[in-house]
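Here's a quick tour for anyone opening this structure for the first time. Have a look around, then follow the notes below.

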Amino acid sequence: HAPAAAPRKTTGPETLVPANLQPQTDDKGNQWSLNNYGFLQNTGNSFFNNILMLHVGGQQFYNYQPMMTADGKEFVLPAQQPVMGLQVTRRIRLLEKDGVMRYLDLFQNPGTTPVNVTVEYRNNFSTPLKGTVSDRGTANPTTLAKGEIGLLVTSKQNGQKACFFVLAAPGARLRPTISVR
């Protein structure tokens, strides 16, 4: 006799509550701190100051009130107003077991006219960079090639941590370009 499947719950809109943006620590001991706009801030790792600053069409992303899911596991940051005609929502979740901060930026066109924009992720590092390398070993790439998904940024200073950014799915049509200043 097989147990009956539990009835599937239908849910309405997601329940969000005001966010508590206190620093979080993952299972590996790394501390993560977000500001109101979703920038990842320096929390003892002197390698970076602010990273993952979102710019859409040259305009910096601002949200009006940081929210989080009712269980406190995911931050939901809706844009203050449409950016370049798009409704933008930034979702951020700490994957404690993996020691990873996952960002998902959602862009919704509420109209019927196509919108073409440039999306930038700006990062401020507080130590000189040694260089960048793609996940497939391309040194200092200016564009991720087909099949490449991310970029490792390393510091010139010994003992400093590195940052790895997953920027694209392997089969994505649009490939990110990379600029280091």
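A residue counts as buried here when its relative accessible area is under 20%. By that yardstick, 33% of the chain's 181 residues are buried. Keep in mind that this is a predicted model, so every value below is computed from the predicted atoms.

**The overall picture**

- The chain has 14 strands and zero helices, so reading from the N terminus you meet one β element after another by the DSSP assignment.
- Along the principal axes, the C-alpha atoms fill a box of roughly 55 × 45 × 40 Å.
- The chain exposes about 11,600 Å², and carbon and sulfur atoms supply 50% of that area.
- Take the contacts between residues at least 6 apart in sequence: 50% of them join residues at least 24 apart.

**The nonpolar core**

- In soluble globular proteins, nonpolar side chains tend to be buried together.
- Here, the largest nonpolar core has 28 residues.
- Which members touch the most other members? They are Leu 34, Leu 40, Ile 51, Val 88, Ile 92, Met 101 and Tyr 103.
- At least two core residues come from each of these strands: E3, E5 (48–56), E8 (74–78), E9 (87–95), E10 (100–108), E13 (150–155) and E14 (163–166).
- Strand E5 gives the largest share, with five residues.
- Leu 34 is a good one to click on: leaving out residues up to four places away in sequence, Leu 34 touches Leu 21, Phe 39, Leu 40, Gln 41, Phe 75, Ile 92, Met 101 and Tyr 103.

**The aromatic rings**

- How many aromatic pairs turn up in a search of the whole structure? There are two.
- In one of them, the rings of Tyr 37 and Phe 39 have their centres 6.1 Å apart, and because their planes sit at 55°, the pair counts as tilted.
- The other joins Tyr 37 to Tyr 62, and this pair is edge-to-face, with 4.7 Å from centre to centre and 85° between the planes.
- Tyr 37 lies in the loop between strands E3 (31–34) and E4 (40–41), while Tyr 62 lies in the loop between strands E6 (59–60) and E7 (67–69), so their pair ties together parts that are 25 residues apart in sequence.
- Put together, the ring pairs link Tyr 37, Phe 39 and Tyr 62 into a cluster.
- Buried or partly exposed? Phe 39 is buried, at 7% relative accessibility, whereas Tyr 37 is partly exposed at 28% and Tyr 62 is partly exposed at 35%.

**Asn 35, in the loop between E3 and E4**

- Asn 35 is found in the loop between E3 and E4, and its relative accessibility of 16% means it counts as buried.
- The side chain of Asn 35 reaches the backbone nitrogen of Tyr 37 at 2.9 Å.
- Setting aside neighbours within four places in sequence, Asn 35 is in contact with Leu 21 and Gln 41.

**Thr 127, in another loop**

- Thr 127 sits in the loop between strands E11 (119–125) and E12 (129–134).
- With a relative accessible area of 9%, Thr 127 is buried.
- What does the side chain of Thr 127 make a polar contact with? Its partner is the side chain of Ser 155, at 3.0 Å.

Technical notes
Residues numbered from 1 in each chain as written. Predicted model: local features only at pLDDT ≥ 70, side-chain atom pairs only at ≥ 80, totals over all residues. Heavy atoms only, no water. Phe/Tyr/Trp six-rings, centres within 6.5 Å; stacked < 30°, edge-to-face > 60°. Buried < 20%, exposed > 50% of the residue type's maximum accessible area, 1.4 Å probe, protein only. Helix = DSSP H or I, 4+ residues; strand = E, 2+ residues; numbered from the N terminus. Core = buried A, V, L, I, M, F, W, Y, C linked by side-chain atoms within 4.5 Å. Contact = heavy atoms within 4.5 Å. Polar contact = N/O pair within 3.5 Å; in protein donor to acceptor, adjacent residues only side chain to side chain. Areas by Shrake-Rupley, 256 points an atom, 1.4 Å probe, with all protein chains shown as cover.
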